[in-house]
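Subject: Structure handover

Hi,

Here is the structure I promised to pass on. Please open it first, then read the notes below.

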Amino acid sequence: MRPVAVIGAGKTRFGAFPDRDLRSLAVEAGEKCLQNGHVTPSQVEAFYLGNFAGPSFTGQNHLAPYISTALGIHEVPATRFEAACASSGSAFFHAVSGVASGLYDLVMVVGVEKMTSQPTPRVTEILASAGDCGGEIRAGSTFPSLFAMIARRHMHDFGTKREHLAAVAVKNHANGALNPDAHLRKVITLEQALAGKPVADPLNLYDCSLISDGAAAVIVTAADRARDFSDKPVGVLGIAQASDYLALDQKADITTFTAVKAASRKAYKMAGVDPADIEFGELHDCFTIAEIIALEDLGFVPRGQGGPCSAAGYTALRGAKPMNTSGGLKSKGHPVGATGVAQICDLVQQIRGEAGDRQVARHSLGLAENLGGSGASCVVTILGEI
Amino acid sequence: MGVVYTETVVHMAPPAFEKDVPYQVAIVSLESGERVTGRIEGARVSIDDRVAMIDTRDGVPFFRKSE
């Protein structure tokens, strides 16, 4: 396996864009990425698209060549990856695998989702299809309700408090307010976060990520060729994808995600680093409880301490281990299929020292955790300076 | 009979369930050791409460708190 590097990154702003369709968002991110990586479309040997539910949200299927051809990329394998909210993380994992194996020298990955053209109840229904439709979803579970049940059990087992959940929302909104590309650039107080409209007890609106439109793109190549394209290549030091049951009722313990633990264990081993070495990260805060559990599953804090550590500022922008300096899914936004690649773009921005007001002091080694569904898919990526 | 493993009250639902809002969903540990996701009828339940299955509708188990 040969080392792989990211040479180009590009994103759209995230938000609700009634005048933009799925393809125009993907093309904007893709063109920015090609430009950023100094790559021409004819140099792209494979095109991987991460997208969760384009056919349901927009009616368009066969999305990968639909987008690659619009970018001027022709006669290459153009394939869509679907792994719920980890769709583009999975596309990125497979792109890295393709280059690492020597099958390709240069692969482009785009993640995109266009969600806001549907009313919220329909969006809720489409998102729920990432759960087990025969059991938990038929009983009336929504995605917020699955994570609400996870939160209830975490509170029961570890004493996690409502205020701990709210602290994650407050922190991520504070970061997102500094991010010009974020969907909801709004600072919120702890009191506001606690008083949101109920969604699924104990979660309220401020515990939930946003329904967004957006796209993100990256290009990977062999590390030894990276400087032919970019002055600031970023190394893919470790990466792994892992899987688990879809249904919560099939998991032995819902207060931990075994796919996150498995993927991170492999990614740490590949990179030759420990959780303590990671300086900052982007975590999959689809719901506030998910960031708290991610801190524990990734080994950043002891089991059950994710809540108190979040409330104590451990993960704040100027804390010991800044997490979601982009604002996370909570404030940056969560166009589902774009999220995994957007996290990679956010790490690249920090490692290159281009994060502006959000730049962290130590930025040579970052981790992204991209979770699919209620934990049935996970991709963990460790990027670093090379 | 079973014991509530976890639960939530849903306030925002997809179109098929909007008429039921707010409703309680729970994962129940059955005596067989198996867990199932079902709906709670009647009084609200909390983790560790004992419940009895009262009905199955369209494949969904419905439970009620047992004293």
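Two strands pair if DSSP finds at least two bridges between them. Keep that in mind for the strands of chain B. Note also that this is a predicted model.

**Strands in chain B**

Start with strand β1 (residues 2-10) of chain B. Eight bridges join β1(B) to strand β2 (residues 23-30) of chain B. The two strands run antiparallel. To find this pairing, look for B:Gly2, whose bridge partner in β2(B) is B:Leu30.

β2(B) also pairs with strand β3 (residues 35-41) of chain B. That pairing is antiparallel too, over six bridges. Here B:Ser29 stands opposite B:Arg35 in β3(B). The hairpin of β2(B) and β3(B) has four residues between the strands. In this hairpin, B:Gly33 takes a positive phi near 95 degrees.

**Domains of chain A**

Now move to chain A. The domain assignment gives domain 1 as 4-119 + 212-234. Domain 2 is 141-207 + 237-385. Their C-alpha centres lie 23 Å apart.

How many residues of each domain are in contact with the other? Domain 1 of chain A brings 35 residues, and domain 2 of chain A brings 32. On the domain 1 side, four elements give two or more residues: β1 (4-11), α4 (87-100), β4 (106-114) and β7 (213-222) of chain A. The largest share, seven residues, comes from α4(A). By class, this side of domain 1 divides into 20 nonpolar, ten polar and five charged residues.

**Helices around α10 of chain A**

Two helix pairs are worth a look, and α10(A) takes part in each. Take helix α6 (residues 143-158) of chain A with helix α10 (residues 288-297) of chain A. They pack at an angle of about 55 degrees, with their axes 9 Å apart. α6(A) and α10(A) are therefore oblique to each other. The crossing in which α6(A) passes α10(A) is left-handed.

Which residues make this contact? From α6(A) come A:Phe147, A:Ile150, A:Ala151 and A:His154. From α10(A) come A:Ile289, A:Ala290 and A:Ile293. Six residues of this contact are nonpolar, one is polar and none is charged.

Next comes helix α7 (residues 162-176) of chain A, which packs with α10(A) at an angle of about 95 degrees. Their axes are 8 Å apart. Angles of 65 to 115 degrees count as roughly perpendicular. α7(A) and α10(A) are therefore roughly perpendicular to each other. In α7(A), A:His164, A:Leu165, A:Val168 and A:Ala169 take part. They meet A:Thr288, A:Ile289, A:Glu291 and A:Ile292 of α10(A). This contact has five nonpolar, two polar and one charged residues. A:Ile289 appears in the contact with α6(A) and again in the contact with α7(A).

**Where the chains meet**

Last, the contact between chain A and chain B. Each chain gives 25 residues. On the chain A side, α5 (120-128), α6 and β5 (198-200) each supply at least two residues. Which element gives the largest share of that side? It is α6(A), with six residues. By class, the side of chain A that touches chain B has ten nonpolar, seven polar and eight charged residues. So keep α6(A) in view: this helix packs with α10(A), and α6(A) also supplies residues to the side that touches chain B.

Best wishes

Conventions. Residues are numbered from 1 along each chain as its sequence is written. Chains are lettered from A and ligands numbered from 1 in the order in which they are written. This is a predicted model: local features need pLDDT of at least 70, side-chain atom pairs count only at pLDDT 80 or more; totals for chains, interfaces and linings use all residues. Axes are lines fitted to C-alpha atoms, for helices over the stretch in contact, and angles run from 0 to 180 degrees between N-to-C directions. Angles under 35 degrees count as roughly parallel, over 145 as roughly antiparallel, 65 to 115 as roughly perpendicular and the rest as oblique. A crossing is left-handed if the near helix is turned anticlockwise from the far one by less than a right angle, and right-handed if clockwise. Two residues are in contact if their C-beta atoms, placed from the backbone, lie within 7 Å. Ala, Val, Leu, Ile, Met, Phe, Trp, Tyr, Cys and Pro count as nonpolar, Asp, Glu, Lys and Arg as charged, and the others, Gly among them, as polar. Domain bounds come from an automatic or database domain assignment.
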